[in-house]
Amino acid sequence: MRTEASVLHLDLDAFFAAVEQRDKPSLRGKPVVVGGVGGRGVVSTASYEARRYGVRSAMSTREARSRCPHAAFLSGRFHAYRETSERVMGLLRSVSPLVEPLSLDEAFVDLRQADLPDLAVPTVTAFAQDLRRRVVEVTDGLTASVGVGSSKFIAKIASDLDKPDGLVVVAPGTERDLLRPMNVTVIPGVGPATTERLRRVGIHTVEELETVTEDEMVRLLGNAHGTWLFHLARAQDDRAVEPERETKSVSVEGTYDTDLTDRTLMEGLLTRQAGEVATRLGKNGLSGRTVTIKVRLHDFTTLSRSSTLPSPTDSRTTIARMARTLLADLDTSGGVRLLGVGVSGLADWVQEDLFGETAEAEEELPEIVVPHHSRRTWAPGMDVEHEEMGRGWVWGSGRGVVTVRFETAQTPAGPVRSYAEDDPALSAWRPPEPDPAAGG
Ligand code: TTP
Ligand code: MG
Ligand code: MG
């Protein structure tokens, strides 16, 4: 923990939904839900207007539809999210060389390297307000919430305290007062299992956690986890802001020219990729805890889902099984263009198997043939272009008809028209590839 509030954490508000509202003027100020729109779809995020109806990330889209039937349900445009994220990360890197992105919409910034006259609370407060204003500028209207504190832990908690469009600076010395009334789940790494174990011994809040000695905590939760919790309960967190932290991962992916819709085929492809990942891990003496799958849908929305194991693995069977389980939760009914499997959270050692070599049975893989028929799909929210009407987005489709609203971030709310799904005047729109000669 530092003696001054010099760690800043920034997180964009309702990120995917905010990008959609920026690019679709008719949806501004309205409930918007981004996620899987099919029968088994899950909500990625919801605009704050939709959250008022109880719509949340990770909720089934079915549930979201029943809570907020009048919301716009969109399947997401990953290229737009990535491009917007790059603008924000670029801004952050222009204020400090020490920027550690945690995801597309959030990052830590070390203010010690930000060229401030001092790190007193009024100075960092003014700086953070100005930074928030510049985020709105570079993103053409997205808001961010910011927290500033004496550690990563405190800064991250602080950015969430006044969401959306908020700023909280936690003055040095007040960290423990802030934490005490909070639920133990504010501590990173305290998931459902730890929470339940603590609940059984009567611990719910950080204040109650403080009464547990380090020895007791280790007995309760094991060495690493117990020590970690003991210190974080006291706001003791010395983790550095690590720019360009080496993302250690091994992954394999494949792209397909046609939309894959057959689940068995997709599972077969993932299983084969998991085998290749395991081979590469094995060759390099690596193992990892987190298995991620990447799935790009027909409309170029890219989804990734991960799952983390208690200990590292390099087992093809384990990786393949986790990959297939992750796929089972995704709505791929519209067709899939890319599949990939990766393992991250790598340790440069393979966990010793206490029971000796366990030769794994090679899984019998059927011959995989990727079919060659293609079809057009119009996912709600995707960008399209019409020969006469210009650019717009798919409002909905079905029964051979696709309905488009013609508007972009630069236009007012625009008109709605319907076309036959195979109307040759209508095509998917993709942003131009960045000009490599232009630099930047
Ligand atoms: P978050 O920052 O967790 O959420 P948010 O930006 O939508 O809303 P806020 O920060 O204001 O609470 O996640 C960033 C994006 O990551 C989110 O817009 C969509 C995506 N995401 C998922 O796809 N699935 C999830 O379960 C979560 C939590 C986020
Ligand atoms: Mg966010
Ligand atoms: Mg976030």
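## An open sheet of five strands

Two strands count as paired when DSSP finds at least two bridges between them. With that in mind, let us look at this predicted model, beginning with a sheet built from five strands. Read across, its order is β16-β15-β14-β13-β17; the sheet is open and its pairing antiparallel. At its edges stand β16 (416–420) and β17 (426–428), and each has a single partner strand, so one side of each is left without a neighbour in the sheet. On average, neighbouring strands here are turned by 40° against each other, direction ignored.

Inside this sheet, we can take a closer look at one pair. Strand β13 (residues 383–386) and strand β14 (residues 390–398) run antiparallel and are joined by four bridges. If you would like a residue to follow on screen, try Asp383, whose bridge partner in β14 is Trp393.

## The UmuC range

Now for the part of the chain that carries a domain annotation. UniProt, in an unreviewed entry, lists residues 7–191 as "domain: UmuC". Over residues 7–191, helix makes up 38% of the chain and strand 19%. The C-alpha atoms at the two ends of this range are 24 Å apart.

## Strand β1 and its two partners

Which strands pair with β1? One is strand β7 (residues 144–149), which pairs with β1 in the antiparallel sense over six bridges. Another is strand β6 (residues 106–110), again antiparallel to β1, this time over five bridges.

His9 is a handy residue for seeing both pairings. Its bridge partner in β7 is Gly147, while in β6 His9 has Phe108 as its bridge partner. Strand β1 itself (residues 7–12) is mostly covered, with five of its six residues buried. As a general reminder, strands of a sheet pair through backbone hydrogen bonds, either parallel or antiparallel.

## Glu106, annotated as active site

Strand β6 also holds a residue with an annotation of its own. Glu106 lies in β6, and the unreviewed UniProt entry covers Glu106 with the annotation "active site".

Is Glu106 buried or exposed? Glu106 has 20 C-beta neighbours inside 10 Å, and a residue is buried if 20 or more other C-beta atoms lie within 10 Å of its own. Glu106 therefore counts as buried. Which residues does Glu106 contact, leaving aside its neighbours within four places in sequence? The answer is His9, Leu10 and Asp11. His9 is thus worth a second look: it is in contact with Glu106 and has a bridge partner in β6, Phe108.

Terms used:
Residues numbered from 1 in each chain as written. Chains lettered and ligands numbered in written order. Predicted model: local features only at pLDDT ≥ 70, side-chain atom pairs only at ≥ 80, totals over all residues. Buried ≥ 20, exposed ≤ 12 C-beta atoms within 10 Å, placed from the backbone. UniProt positions renumbered as here; feature names shortened; annotations may be inferred. Contact = placed C-beta atoms within 7 Å. Axes fitted to C-alpha atoms, helices over the stretch in contact; angles between N-to-C directions.
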